[in-house]
Protein chains: 2
Amino acid sequence: MKFLVIGGDAAGMSAASRAKRNKPDLEVTVLEKTDDVSYSACGMPYNIADADRPMDDLVVRQAHVFKTKQKINVLTGHCAESVNPENRTVSGVSADGTAFQFGYDKLLIATGGSPIIPDLPGFDLPGVMALKSLEDGRKIKAYLKAHQVKKAVIIGMGYIGLEMCESLRARSVETAMVKPGPVFLPWMAPELSDVIRQELESNHVKLHTGYQIERIKSEEGRMKVICADISLDADIVIAAIGIKPNSELAADAGIKLSVNNAIATDCMLKTSDENIYAAGDCADAYHVVTDEKTWIPLALRANRAGWGVADNICGKVVELSGIAGTAVFKVFDLEVARTGLTLKEALKSGFDPAAVIIKTRSRAHAHPGSSPIRILMIGDKKSGRLLGVQMVGWEGVAHRINAAAVALQNRMTVEAFSQTDLAYAPPFGPVWDPLLTTANQLLKKI
Amino acid sequence: MKFLVIGGDAAGMSAASRAKRNKPDLEVTVLEKTDDVSYSACGMPYNIADADRPMDDLVVRQAHVFKTKQKINVLTGHCAESVNPENRTVSGVSADGTAFQFGYDKLLIATGGSPIIPDLPGFDLPGVMALKSLEDGRKIKAYLKAHQVKKAVIIGMGYIGLEMCESLRARSVETAMVKPGPVFLPWMAPELSDVIRQELESNHVKLHTGYQIERIKSEEGRMKVICADISLDADIVIAAIGIKPNSELAADAGIKLSVNNAIATDCMLKTSDENIYAAGDCADAYHVVTDEKTWIPLALRANRAGWGVADNICGKVVELSGIAGTAVFKVFDLEVARTGLTLKEALKSGFDPAAVIIKTRSRAHAHPGSSPIRILMIGDKKSGRLLGVQMVGWEGVAHRINAAAVALQNRMTVEAFSQTDLAYAPPFGPVWDPLLTTANQLLKKI
């Protein structure tokens, strides 16, 4: 059987490797348009922070290792351009300009996502860069090395933009963020996002919200990000507005799309074509809280979905659970985490949500070194279910969120969650874990 | 209605306070034999570590505050000696020698636990001390201040003994641990407990396992802990062998006892007498994994059970979930956590357990500052259920265990747990959280 994979990052290589492990006689081919496969994309901001570390530290396994050790036919520099579901072929062109065509019995589309670049003047200047592929990372790093970069402007205030602040400040680059929307982090409760704002400002990152970007101007070897009311000087501009799923290839082949134009998949990762699967940032998923389709492109899901595809094409029936949208990121010394729905999402999905925000401490009463933890918890007044949690603090946030993620997966009520037997020792939290305290308070409202 | 509480620590004061909040016209009396109520007992090792911090930092709320602000009749120095369930009275004697008797409509026995002190010569020497009550803590601290304490011997290797190592080493006291049992931490997988042993040894704590203690001898102002084959010099001896439930008062009143002689309670915390409740270290609980009775005296349960009693006597029907035995403690820089059953407990409870041990990293591939995390995970081959987790590492252990604790509460299978959407960012873990990697490995065995 021929298993063809388009895209050689998290989802694609996870699927290829596991399929080959499942069935060593499987003929597995991976078409990757860049020169890189299997790297830790999320590690790029941290790598960029350190001028001395080679970007290739982030490569988990090189293409030739997949070829020689795992007998996977990894073809880098191979850009797939069309899928023909009737003939079961994929056509495209390789880096040297040669056209290619591959047949398949089962196809995985793992084309990932692409940074959103606004169609505005100046976004094609050489100093304006996005950060998605390893090649993007290399370009940013090379640019920082080659130029006297004193000032950076980050356009957008998402996870990647926020992580890049720490990275650029570590390299002593003056950093400003700007975005058109009036609210700093609209998905987050202001009581929590204000803490992040303060952390950024105390690390000398300037935040400009509510500024429509008009164009980027090149001026005497530097740049100016021109907004409606202000203009910001920059030696480098990072476009971190967000990503969109790379689903055009699938759509052109007649495969159904779903929310946010992500490729529609079922619990077995199958698309509307029974021989074609999709996984990773290009594909949708079910949400464990709403049971509705959602598109939250994150690394764990990409890896897990890759495995799911591999198992399913090899005849094991694997149905993936939904996702909770659990995410964590670091903003300088601050840990920020979320899982489940925001208040707005809860309302939109027909819940009758109630929310509480608690400020408590990261360590027990009288234990030295304690810092504040702030938690937002949302529950449904009708069903009593836990719907979502957001958390911000200097310690004890990143892994604490997972207890809530497991609770969401189990459709727990806030009451049942408030009864869970969580760990306690004075260096790690109060007797009543901050999550339990928040659940206890939320119970009074639902 | 008269609500009488015997014992003024976690369970007792939680119950008294919440009962009064629930029903302000309730007549609430607390009989506490010591002079202290409502303090953070678990904080004592950390307080002892710092010579300059007053022990009373650990008092959360003083007796007079309960009296004046909450109108709770808190009587310290009141030792209850007998309960008469027929007349609904409690008799005893106060610190000044006066006999007392109180009537009740509902009684809570929250008498806690007592350190096990072996009936051997020398355990009554003034330099031999246990650590359970705040007064115990004060005594240890005063002793360290008054004497030239250069050497300590800790008898027993439980949570408190291990925490006291860090405390004594912080005060530059040479520390040795000794116990009769041949195995350092018999409840833990050796691959994990060896890491703890190394952490202790690299902090210059000497471990002596398999030495039967015969007596403690006073010799020229110092002590010698005499064992079968060795004798250990000591200026202070900490007896940290374990605790037993203070259930004699209940037993004498004809109330049924349960495992480990803890007071038998139902999900509503009621004992075999319908007007008498029990909570805290003196009472048993159901285990969420086995559904059997268990006795695992820990602080969160004590607080939660106190609340449960308060709600139930006030007419809200509250049934407590069981406990998972989730615990975390710090051994110098090491975080150690567990939840659920050990392999031995799983076998004893009739499961058909399989276990895996994984060594992975606390941060993502190529992220600086990573350290090893070791995880033991146990699942049941028959039902596929997750049964227990143990974890040891220098970061990312204390709160990570809670995800497994929530899974146990929901009786999740290892497979379902392996599908949970846990958080990922490079500074906080690999893409596949260590718990997920372990679950994935365990799946191959069950």
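**Notebook: a sheet, a core and a chain contact**

I began with chain B, where I found an open sheet of five strands in the order β3-β2-β1-β7-β18, with parallel pairing. I keep in mind throughout that this is a predicted model.

I then looked for the edges of this sheet, and they are β3 (73-76) and β18 (276-278) of chain B, each of which pairs on one side only. For the twist I noted that neighbouring strands are turned by 15° against each other on average, with direction ignored.

Next I followed one pairing in detail: strand β7 (residues 106-109) of chain B is joined to β18(B) by three bridges, and the two run parallel. Along this pair I saw that B:Leu108 stands opposite B:Tyr277 in β18(B).

I turned to the nonpolar interior and asked which residues of the largest nonpolar core touch the most other members. Of its 297 residues, they are A:Ala279 and B:Ala279. Leaving aside residues up to four places away in sequence, I listed the contacts of A:Ala279, among them A:Ala11, A:Ala15, A:Leu108, A:Leu269, A:Ala302 and A:Val309. As background I wrote down that nonpolar side chains tend to be buried together in soluble globular proteins.

Last, I looked at where the chains meet, and the contact takes 49 residues from chain A and 49 residues from chain B. On the side of chain A that touches chain B, α8 (299-313), β21 (327-331) and α10 (401-409) of chain A each supply at least two residues, and α10(A) gives the most, with seven residues. By character, I recorded that the residues of this side of chain A divide into 31 nonpolar, 14 polar and four charged.

Key
Residues are numbered from 1 along each chain as its sequence is written. Chains are lettered from A and ligands numbered from 1 in the order in which they are written. This is a predicted model: local features need pLDDT of at least 70, side-chain atom pairs count only at pLDDT 80 or more; totals for chains, interfaces and linings use all residues. Two residues are in contact if their C-beta atoms, placed from the backbone, lie within 7 Å. Helices (H or I, at least four residues) and strands (E, at least two) are DSSP runs, numbered from the N terminus. Ala, Val, Leu, Ile, Met, Phe, Trp, Tyr, Cys and Pro count as nonpolar, Asp, Glu, Lys and Arg as charged, and the others, Gly among them, as polar. Two strands pair if DSSP finds at least two bridges between them. Axes are lines fitted to C-alpha atoms, for helices over the stretch in contact, and angles run from 0 to 180 degrees between N-to-C directions. A nonpolar core is a set of buried Ala, Val, Leu, Ile, Met, Phe, Trp, Tyr and Cys residues joined through C-beta atoms within 7 Å. A residue is buried if 20 or more other C-beta atoms lie within 10 Å of its own, exposed if 12 or fewer, and partly exposed in between; C-beta atoms are placed from the backbone.
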